[in-house]
Amino acid sequence: MLFSKWKIKNLEIKNRIVMPPMCQYQATQDGMATSWHRIHYATRAIGGVGLIIVESTAISSNGRITKKDLGIWEDSQISGLKEVVDSVHEYGGKIAIQLIHAGRKCDCDSNILAPSPIAFGNLPTPKEMSIDDIKEVVCLFKMAAKRAYQAGFDSIEIHGAHGYLVSQFLSPITNQRSDEYGKNRALFLQEVIAACKEVLPKDYPIMLRISANDYAKDGNVPTDFIELLNPFKDSIDCLDISTGGVVGNVFTGENVQIFAGYQTRSCEIIKHGLQTIPCISGGLISDAYMANEMIANERCDAVFIGRELLRNPYWALHASKVLNADMPWPQSYSYAK
């Protein structure tokens, strides 16, 4: 099952192994891709990963997490990203890009924006976004989506997880507004997706990453997302389900216990609650049998393999042998099969 084909909208992917976005901190100061990115992502394509999602890529300079993050806020950044796309396509992979605004978790600019003026850790207190600020950021997502398409990415993923701006609107911990964006915490996300669709082909897939559990008192739990996303679920083509990050880091919280597959139950709840959206799940998965079981028992539609792919870019090749899957190896490596 792990090596069966699947689709996000009309995008056919050769297996159900996904490399999730993981920050590399290797971009230039002006957000340009470097040779690191071309080698890093192409290597995972050679290693057989079906879908590669490029790390958080900022839609504005003050939307970065750090000064070493990739950017997609200027046309000049397109060519470097296109080289990354072309290298992955050359070796048989599909590639998406995660679009982000860091919001209150921006650590590289003094002009910090957020839904509400609530600081994150030791970072400065952000400015509460005005309606004009919100409209401007929605437009920035729209222009970033257009550039992603021009660079040749097969899909975009909106970063709505881990306590960054979209996630901040979704969580009641960080969204304490009294206006329409507080009463409907998913409204900002809905507007972002609608704006992106204006500049993308009709059949172009839009993915969304969420933190299904805030692991904190009064925070979101998986069932909240069924209610939040259900009114516009037809505009979401795939959910990439993670957890945490709204308070503390991804691995801290009042109720979190970390173990292989610890996020899978959250994915199951949302997948079966929303019914029609393909879902990607993971969380410290390194065992091929476990990944295969998650697909076979319909816990998710695909599995993201994160840290294990940092340790072993050729995990998919090894997993195919473990599971006796007939997956072709790169011709140059066939002697090792």
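**Close-up views of helix packing and core residues**

**View 1. Contact of helices α1 and α2 in the predicted model.** On the α1 side, His 37, Arg 38, Tyr 41, Ala 42 and Ala 45 meet Glu 83, Val 84, Ser 87 and Val 88 of α2. By class, the residues of this contact comprise five nonpolar, two polar and two charged. Helix α1 spans residues 35–46 and helix α2 spans residues 78–90; their axes come within 8 Å and cross at roughly 20 degrees. This angle makes α1 roughly parallel to α2, because angles under 35 degrees are counted in that class. The crossing of α1 and α2 is right-handed.

**View 2. The largest nonpolar core and a second, separate core.** The largest nonpolar core has 82 residues, of which Phe 141, Phe 153, Ile 156, Ile 158, Phe 188, Leu 229 and Leu 239 touch the most other members. Helix α3 (residues 131–151) contributes the largest share of this core, with eight residues. When residues up to four places away in sequence are not counted, Phe 141 touches Ile 59, Leu 99, Ile 100, His 101, Ile 158, Val 166, Phe 188, Val 192 and Cys 196. A second core, separate from the largest, has 13 residues, including Val 18, Ile 53, Ala 96 and Ile 280. In soluble globular proteins, nonpolar side chains tend to be buried together.

**View 3. Contact of helices α3 and α6.** The axis of α3 and that of helix α6 (residues 187–198) come within 8 Å and cross at roughly 40 degrees. The two helices, α3 and α6, are therefore oblique to each other. Their crossing is right-handed. From α3, the contact involves Ile 134, Val 137, Val 138, Phe 141, Lys 142 and Ala 145; from α6, it involves Phe 188, Glu 191, Val 192, Ala 195, Cys 196 and Glu 198. Nine of the residues in this contact are nonpolar and three are charged, with no polar residues.

**View 4. Surroundings of Val 137 in helix α3.** Val 137 counts as buried because its relative accessibility is 2%, the limit being under 20%. With neighbours within four places in sequence left aside, Val 137 is in contact with Ile 59, His 101, Leu 113, Met 129, Leu 165 and Phe 188. Between Val 137 and Tyr 333, which are 196 residues apart in sequence, the C-alpha to C-alpha distance is 46 Å.

**View 5. Surroundings of Leu 170 in helix α4.** Helix α4 covers residues 165–170 and includes Leu 170. At 1% relative accessibility, Leu 170 counts as buried. Apart from neighbours within four places in sequence, Leu 170 is in contact with Gly 160, Arg 185, Ala 186, Leu 189, Asn 220, Phe 225 and Leu 228. The C-alpha atoms of Leu 170 and Phe 188 are separated by 8.4 Å, and these residues are 18 residues apart along the chain.

**View 6. Contact of helices α7 and α8.** The axes of helix α7 (residues 222–229) and helix α8 (residues 264–274) come within 8 Å, crossing at roughly 30 degrees. Helices α7 and α8 are therefore roughly parallel to each other. The crossing of α7 past α8 is right-handed. Pro 222, Thr 223, Phe 225, Ile 226 and Leu 229 of α7 make the contact with Ser 266, Ile 269, Ile 270, Gly 273 and Leu 274 of α8. The contact of α7 with α8 has seven nonpolar and three polar residues, and no charged residues.

Notes:
Residues are numbered from 1 along each chain as its sequence is written. This is a predicted model: local features need pLDDT of at least 70, side-chain atom pairs count only at pLDDT 80 or more; totals for chains, interfaces and linings use all residues. Side-chain values use heavy atoms; hydrogens and water are left out. Axes are lines fitted to C-alpha atoms, for helices over the stretch in contact, and angles run from 0 to 180 degrees between N-to-C directions. Helices (H or I, at least four residues) and strands (E, at least two) are DSSP runs, numbered from the N terminus. Angles under 35 degrees count as roughly parallel, over 145 as roughly antiparallel, 65 to 115 as roughly perpendicular and the rest as oblique. A crossing is left-handed if the near helix is turned anticlockwise from the far one by less than a right angle, and right-handed if clockwise. Contact means heavy atoms within 4.5 Å. Ala, Val, Leu, Ile, Met, Phe, Trp, Tyr, Cys and Pro count as nonpolar, Asp, Glu, Lys and Arg as charged, and the others, Gly among them, as polar. A nonpolar core is a set of buried Ala, Val, Leu, Ile, Met, Phe, Trp, Tyr and Cys residues joined through side-chain atoms within 4.5 Å. Buried means under 20% relative accessible area, exposed over 50%, partly exposed in between (1.4 Å probe, protein chains only).
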